Amino acid sequence: MTELAPCPICKSPYAYEMDNLLICPECGHEWNPQDNPISSDLFVVKDSNGNILQNGDTVVTIKNLPVRGSSQSIKAGTKVKNIRLVDSDHNIDCKIDGFGAMALKSEFVKKA
């Protein structure tokens, strides 16, 4: 049995074949192994609606987000300008008025 290539998006080793495609069960990505692979240094960050985010974008929070160490929370609908994408658990670095530097998860924002 031949070893299949890991998922180019999430690097999961559990990809499986279906017809002429490879499918990742962890992130749902489907790709043709004959196509050029996605560059390994490129990562994609998507908002809660599936829109691809880029550095410098403006996003809006979709729910109230508690801030660790503070009695206040970031309210739903707060606009966050000039985001910076990072490859970590919280994949958005930004500055929020009244709170300062923050790290947000992309699943709690939508592109403005």
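Analyst: A salt bridge is a side-chain nitrogen of Lys or Arg within 4 Å of a carboxyl oxygen of Asp or Glu, and that is the cut-off to keep in mind for this structure, which is a predicted model.

User: Why is the pair Asp57 and Lys111 called a salt bridge?

Analyst: The closest N and O atoms of Asp57 and Lys111 are 3.6 Å apart, which is within the 4 Å limit, so the pair is called a salt bridge. This pair links distant parts of the chain, with Asp57 in the loop between S3 and S4 and Lys111 in strand S11 (residues 109-111), 54 residues apart.

User: What makes Asp57 buried or exposed, and what makes Lys111 buried or partly exposed?

Analyst: Asp57 has a relative accessible area of 14%, and because buried means under 20%, Asp57 is buried. Lys111 has a relative accessible area of 35%, which lies between 20% and 50%, so Lys111 is partly exposed.

User: How many salt bridges are counted by this rule, and what makes Arg84 with Asp93, and Lys105 with Asp89, qualify?

Analyst: The count comes to three salt bridges. In Arg84 and Asp93 the closest N and O atoms are 3.1 Å apart, while the side chains of Lys105 and Asp89 meet at 3.9 Å, N to O; the values of 3.1 Å and 3.9 Å are within 4 Å, and therefore each pair is called a salt bridge. The Lys105 and Asp89 pair links distant parts of the chain, from the loop between strand S10 (100-104) and S11 to the loop between strand S8 (84-85) and strand S9 (92-96), 16 residues apart.

User: How do you know whether Asp89 is buried or exposed?

Analyst: Asp89 has a relative accessible area of 55%, and because exposed means over 50%, Asp89 is exposed. Its partner Lys105, at 25%, is partly exposed.

User: Why are Cys24 and Cys10 not counted as a disulfide?

Analyst: The sulfur of Cys24 has its closest cysteine sulfur in Cys10, at 3.5 Å; a disulfide needs the two sulfur atoms within 2.5 Å, so this pair is too far for a bond. By the same rule, the count comes to zero disulfides. Cys24 is buried at 2% relative accessible area, and Cys94 counts as buried at 6%.

User: What makes the contact between Thr61 and Lys75 a polar contact?

Analyst: A polar atom of the Thr61 side chain lies 2.8 Å from the backbone oxygen of Lys75, which is within the 3.5 Å limit on such a pair of N or O atoms, so the distance condition is met. Thr61 is found in strand S4 and is buried, with a relative accessible area of 3%. Beyond its neighbours within four places in sequence, Thr61 is in contact with residues including Phe108 and Val109.

User: How do you know that Ser12 is buried or exposed, and which backbone nitrogen does its side chain reach?

Analyst: Ser12 has a relative accessible area of 2%, and because that is under 20%, Ser12 is buried. Its side chain reaches the backbone nitrogen of Tyr14 at 3.2 Å. Ser12, placed in the segment before strand S1 (16-18), is also in contact with Pro6, Cys7, Cys24 and Glu26, leaving aside its neighbours within four places in sequence.

How values were computed
Residues are numbered from 1 along each chain as its sequence is written. This is a predicted model: local features need pLDDT of at least 70, side-chain atom pairs count only at pLDDT 80 or more; totals for chains, interfaces and linings use all residues. Side-chain values use heavy atoms; hydrogens and water are left out. Buried means under 20% relative accessible area, exposed over 50%, partly exposed in between (1.4 Å probe, protein chains only). Helices (H or I, at least four residues) and strands (E, at least two) are DSSP runs, numbered from the N terminus. A polar contact is a pair of N or O atoms within 3.5 Å; within protein, one must be able to donate a hydrogen and the other to accept it, and residues adjacent in sequence count only if both atoms are side-chain atoms. Contact means heavy atoms within 4.5 Å.
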